[in-house]
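Student: I'm new to this structure and would like a close look at one part of it, the open sheet and what packs around it. Could you walk me through that?

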Amino acid sequence: MEIHGLNDSFGELTTLISVPERGKYGNANYRGNYAGDVLGKLVSYLKRTGIQAPYIYDPMEGGKTSRDVCTALGLPYVGDDIHNGFDVVNDDFHDTGFDLTVLHYPYWNMIDYAADLPKHMQSMDMSRMDWKTFIAAVSHVNVKAAAHSRYVAVLVGDMVVKGKGYIKSIQREMAWIGAPVRHFTKVQHNAMSYRSSYKGNFIPVVTEHLLLFKTDYKPEGELWILVPGQYKKIDADNYVTWKNAIKHVTKGLEVITPEKVFERVKKQFPSKLRKTNTPEATVRRTLQELESEGFLRRKVRGFYERVS
Ligand SMILES: C[S@@+](CC[C@H](N)C(=O)[O-])C[C@H]1O[C@@H](n2cnc3c(N)ncnc32)[C@H](O)[C@@H]1O
């Protein structure tokens with residue numbers, strides 16, 4: 001993808017990755033496969049850092065894209081998948097001392113990889129886990145990969161929650177490991193979801209996230225992680241000050257009195273009243289402050305109007 005004004009000498013790897021032709025590597029019909037040239041670009045980067053023949057591990061290889069790229073480039077490679085009975089979350093990795101571990105996680109809840117698996121293995125398919133279990137599993141595998149590999153590449157999408165109008169973003173919630181070399185935005189070409197038709201005001205997701213972490217972990221060395229994001233319910237009204245609340249409720253009031261303002265605050269910002277024992281006095285004091293700031297003008301005692 002052409003970026004105007006970018007000096008050619010930077011080469012072809014930028015934080016925006018677009019590989020429109022998926023290429024010959026791996027099984028193009030495997031759901032959620034990726035274009036092998038993406039791994040090719042990462043390998044070229046590692047070579048430029050001095051790792052001439054990176055040892056690569058892909059424990060969720062699916063349609064074997066990573067395997068084919070490594071065969072073509074003559075690189076040492078180990079790959080596996082739950083379809084061979086290997087569980088990336090609970091089983092031991094196959095080796096340690098990898099230069100790059102590729103973690104292309106399942107597209108949670110969008111692609112069911114387990115339908116063709118024996119019953120006892122179906123619950124191990126990460127795309128069938130509930131969201132919190134999935135994020136905990138992703139974080140665990142990220143950290144495990146960091147302990148086995150100098151670099152870790154994580155490729156994950158954002159999933160639109162049906163009927164809600166928002167996304168769930170794995171990269172935002174998972175543990176980040178070591179140091180993020182780059183956070184790439186990767187264009188998703190030819191996704192199955194593009195063939196669906198969506199009603200209403202829908203924003204198609206056409207990109208995903210590729211994070212390249214440098215862990216440089218050595219036995220008994222230090223490994224720092226950014227702990228996974230957490231959900232916390234907050235009282236948003238705490239962030240709206242009395243001044244802003246009162247400025248807002250005075251909109252459309254021709255004559256502003258402490259009593260009218262109090263009634264409106266009671267309706268529109270009830271939590272403000274719960275947090276003070278003297279709400280009427282707070283309203284009066286805030287009106288005076290707004291007057292001294294030039295937002296309100298006092299007509300007569302106890303009667304204000306907005307200045308403009
Ligand atoms: C997004 S796909 C990988 C696609 C692959 N990179 C390709 O190009 O074809 C995710 C893979 O994770 C596998 N998977 C899901 N849960 C797993 C688990 N617990 N252990 C190992 N593999 C798992 C799925 O079978 C699927 O092949």
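Tutor: Here is a walk through the sheet, with a few stops in the regions around it.

Keep in mind that this is a predicted model. The chain has nine helices and 13 strands. Its radius of gyration is 27 Å, well over the 19 Å that the globule rule gives for 308 residues, so the chain is more spread out than a compact globule. Along the principal axes, the C-alpha atoms fill a box of roughly 85 × 55 × 50 Å. Of the 308 residues, 29% count as buried. Take the contacts between residues at least 6 apart in sequence: 64% of them join residues at least 24 apart.

Now to the sheet itself. Seven strands make up this open sheet, and reading across you meet them in the order β1-β9-β10-β5-β4-β2-β3. The pairing is mixed. At the edges sit β1 (16-17) and β3 (77-79), each of which pairs on one side only. As a bit of background, strands of a sheet pair through backbone hydrogen bonds, either parallel or antiparallel.

A good strand to settle on is β5, which covers residues 149-156. How many of its residues are buried? Eight of eight, so to speak a mostly covered strand. On one side, β5 pairs with β4 in the parallel sense, over six bridges. Two of the places to look along that pairing are Thr101, which stands opposite Val152 in β5, and Leu100, whose bridge partner in β5 is Tyr151. On the other side of β5 comes β10. Six bridges join β5 to β10 as well, but here the strands run antiparallel. If you want a spot to find by eye, look for Leu155, which stands opposite Leu210 in β10.

Stay with Val152 for a moment. Leaving aside neighbours within four places in sequence, Val152 is in contact with Thr101, Leu103, Asn142, Ala145, Ala146, Ile177, Phe213 and Thr215. Val152 also belongs to the largest nonpolar core, a set of 45 residues. Within that core, Leu100, Leu103, Val152 and Ala153 touch the most other members. Several elements give two or more residues to this core, among them the strands β2 (56-58), β4 (98-104), β5 and β10 (207-214), along with the helices α1 (36-48), α2 (65-73) and α4 (131-148). There is also a second, separate core of 11 residues, which includes Ala245, Ile246, Val249 and Leu290.

Let's move across to β2, where Ile56 lies. Is Ile56 buried or exposed? Ile56 is buried, because 27 other C-beta atoms lie within 10 Å, and 20 or more is what it takes to count as buried. Not counting residues up to four places away in sequence, Ile56 touches Ser66, Cys70, Leu75, Tyr77, Phe98, Asp99, Leu100 and Val102. Leu100 is the residue you met above as the bridge partner of Tyr151. Ile56 and Tyr151 themselves are 95 residues apart in sequence, yet their C-alpha atoms are 9.6 Å apart in space.

Next, two loop residues that follow strands of the sheet. Asn190 is in the loop between β9 (179-187) and β10, and Asp216 is in the loop between β10 and β11 (225-226). Most residues other than glycine have a negative phi. Asn190 has a positive phi of about 55 degrees although it is not a glycine, and Asp216 has a positive phi of about 50 degrees, again without being a glycine. As for their surroundings, Asn190 is exposed, with 11 other C-beta atoms within 10 Å. Asp216 has 14 C-beta neighbours inside 10 Å and counts as partly exposed.

One more stop takes us to the second core. Val249 is one of its members. Glu263, in helix α7 (residues 258-268), is 14 residues from Val249 in sequence and 9.5 Å from it in space, C-alpha to C-alpha. With 13 C-beta neighbours inside 10 Å, Glu263 counts as partly exposed.

Finally, have a look at the ligand. Which residues come nearest to the ligand? Of the 24 residues around it, these are Asn33, Met60, Gly62, Gly63 and Thr65. By class, the shell around the ligand has 12 nonpolar, eight polar and four charged residues.

Key: Residues numbered from 1 in each chain as written. Predicted model: local features only at pLDDT ≥ 70, side-chain atom pairs only at ≥ 80, totals over all residues. Helix = DSSP H or I, 4+ residues; strand = E, 2+ residues; numbered from the N terminus. Rg over C-alpha atoms; globule rule 2.2 N^0.38 Å. Buried ≥ 20, exposed ≤ 12 C-beta atoms within 10 Å, placed from the backbone. Contact = placed C-beta atoms within 7 Å. Near = placed C-beta within 6 Å. Nonpolar A, V, L, I, M, F, W, Y, C, P; charged D, E, K, R; others polar. Core = buried A, V, L, I, M, F, W, Y, C linked by C-beta atoms within 7 Å. Pairing = 2+ DSSP bridges.
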